[in-house]
Amino acid sequence: MRRLLASSIASSVGVACATALALPLSLPAAAATASPATSRVGSVPAAARFDLPGSTRSLPLRPLGPRSRDRAIGSPATGELGLSRRDVRHFSMVGVVWDNPNTELHGGVQVRTRAARSGIWSGWQSLETHNDDAADPGTAERTSGRVRGSTAPLWVGDSDGVEVRVRAEGGTRTKASAPGTRAVSAAAALPSGLRLELVDPGEGGDGGGGAPVAPHGMPAGAPRTGVLGTESAEALAASAANAGIAPLGATEIPALSRAATERELRSLGEGELTSGQRAKPYIGPRPRIITRRGWGADEKLREKGFVYTKKVKVAFVHHTSSGNGYSCSQAASVIRGIYRYHVKSMGWRDIGYNFLVDKCGNIYEGRAGGVAKAVLGAHTLGFNSNSMGVAVLGSFGSHKPPAAALRAISRLTAWKLGLYGANPRGKAYLKSGGGNLYRKGKNVRLNVISGHRDGFATACPGIQLYRKLGTARSTAARYQGR
């Protein structure tokens with residue numbers, strides 16, 4: 001299956017690009033005749049194209065405290081860095097990055113923001129400092145020289161003011177020093193090059209601007225057909241990577257019945273299916289998936305081309321740690337913000353997760369390369385090969401995950417794991433690429449549906465979501481007919 005799916009990309013992209021040069025294209029008939037967008041939660045809006053400029057602003061952090069607000073970074077006068085209240089251009093997501101991705105931030109990061117519409121300042125909100133989603137050690141993505149350390153991003157909604165403070169563990173107390181050496185401030189434990197990242201995900205995703213917004217963040221009422229001849233080569237390639245299961249330019253990949261999914265499995269797999277899979281394939285009905293075009297990905301942000309692994313043996317479940325204060329109509333904006341943060345702020349080649357799920361149970365295509373293919377992600381440090389990452393938008397350390405999101409995880413994994421013959425209730429071995437839990441080269445036996453913390457010492461996906469993974473395994477297996 002992998003060979004067939006991977007080989008389909010080049011031919012599909014070539015056809016798409018050649019056609020784009022020849023004609024002012026519209027979408028295939030199946031997409032062009034689709035029904036208009038509705039207002040129900042989970043519906044796909046009509047629009048495929050609109051202005052999504054987006055931006056990222058990076059502000060260096062400085063020592064805080066009396067008489068030291070304007071000192072350069074590195075002053076030993078205080079154990080606290082940050083920015084005092086200030087007016088800024090509109091943004092909706094915030095995070096903190098630093099120079100060395102291998103350096104941990106031992107301390108706390110808090111921000112408060114001012115809502116653009118009301119002018120009201122929020123209370124202090126904490127950012128998750130241990131952002132353990134990452135490409136594997138030694139890979140081209142990890143060693144590109146562009147990767148930075150970072151907190152998890154936090155969704156704050158449309159804002160135009162910000163204040164931030166970063167405190168090293170122990171506050172301003174001096175650390176014990178060796179005899180004959182000078183005591184140093186706890187601030188010295190903070191990573192170098194700390195910067196605040198303010199992310200504007202682009203227009204249309206948060207209900208602003210006066211235009212009605214459909215449930216996954218696109219303006220409602222716009223024509224469904226688009227002029228694909230004006231799209232970038234990267235956009236055409238990302239769409240063509242789903243050739244065989246969706247028309248070029250599709251904003252969604254529709255759900256299929258179980259029978260139709262089994263027919264699709266045989267079509268995609270051809271001669272690579274085992275006799276058992278041919279006789280009785282264990283696969284869940286394909287769920288509806290909103291494509292990158294559907295959530296408004298700016299394909300020029302990411303690196304060109306796609307990177308694949310051999311198969312999908314394990315699905316790692318994550319939470320984005322970006323907070324729960326978003327509505328389902330804002331989900332596409334949240335994803336665009338995470339995408340921009342991963343690429344522009346953290347230095348990755350693309351968004352790290354293979355799929356994302358919102359609180360209403362909508363499923364979104366993540367890293368480009370084709371939803372049915374074994375795309376190499378950057379989600380579980382040490383275990384990105386032969387796996388996929390599914391991230392639920394939100395934070396689930398103390399908040400229970402919505403039932404709709406859990407159903408979406410089960411439906412998605414039942415289908416995607418079924419493409420590769422994996423049993424959601426089973427176990428699988430993955431070889432560690434190196435991390436803080438398993439040494440490089442160790443074969444590790446994992447649940448086929450695992451939490452991020454099973455492969456890396458982290459709180460992700462939050463204890464409340466992690467406790468529900470047993471139910472997700474059982475439900476996914478049932479969807480597969482096991």
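## Strand pairing and sheet packing: two exercises

In this predicted model, strand E3 and strand E6 (residues 149-150) are paired in the antiparallel sense through two bridges, and Trp 98 stands opposite Gly 149 in E6.

**Exercise 1.** Work out which other strands pair with E3, and state how many bridges join E3 to strand E7 and to strand E10.

*Solution.* Begin with strand E2 (residues 62-63), which pairs with E3 (residues 80-98) in the antiparallel sense over two bridges; here Arg 62 stands opposite Gly 82 in E3. Next, turn to strand E7 (residues 154-168), which runs antiparallel to E3 and is joined to E3 by nine bridges, with Val 94 opposite Leu 154 in E7. Finally, take strand E10 (residues 195-200), which also runs antiparallel to E3 and is joined by five bridges; in E10, Leu 196 is the bridge partner of Val 96.

**Exercise 2.** In the open sheet of seven strands, determine which strands stand at the edges and why one side of each is left without a neighbour, and then identify what helix H8 touches.

*Solution.* First, write down the strand order, which is E11-E12-E15-E14-E16-E13-E19 with mixed pairing. Strand E11 (252-253) and strand E19 (449-451) stand at the edges, and because each has a single partner strand, one side of each lacks a neighbour in the sheet. For E19, strand E13 (residues 314-319) runs parallel and is joined by three bridges, with Phe 316 having Ser 450 in E19 as its bridge partner. Then consider helix H8 (residues 403-419), which packs on the sheet, touching E12, E13, E14, E15, E16 and E19, and whose direction makes about 165° with that of E16. Helix H10 (residues 469-479) packs on the sheet as well, touching E13 and E19, and its direction makes about 165° with that of E19.

Technical notes
Residues numbered from 1 in each chain as written. Predicted model: local features only at pLDDT ≥ 70, side-chain atom pairs only at ≥ 80, totals over all residues. Heavy atoms only, no water. Pairing = 2+ DSSP bridges. Helix = DSSP H or I, 4+ residues; strand = E, 2+ residues; numbered from the N terminus. Contact = heavy atoms within 4.5 Å. Axes fitted to C-alpha atoms, helices over the stretch in contact; angles between N-to-C directions.
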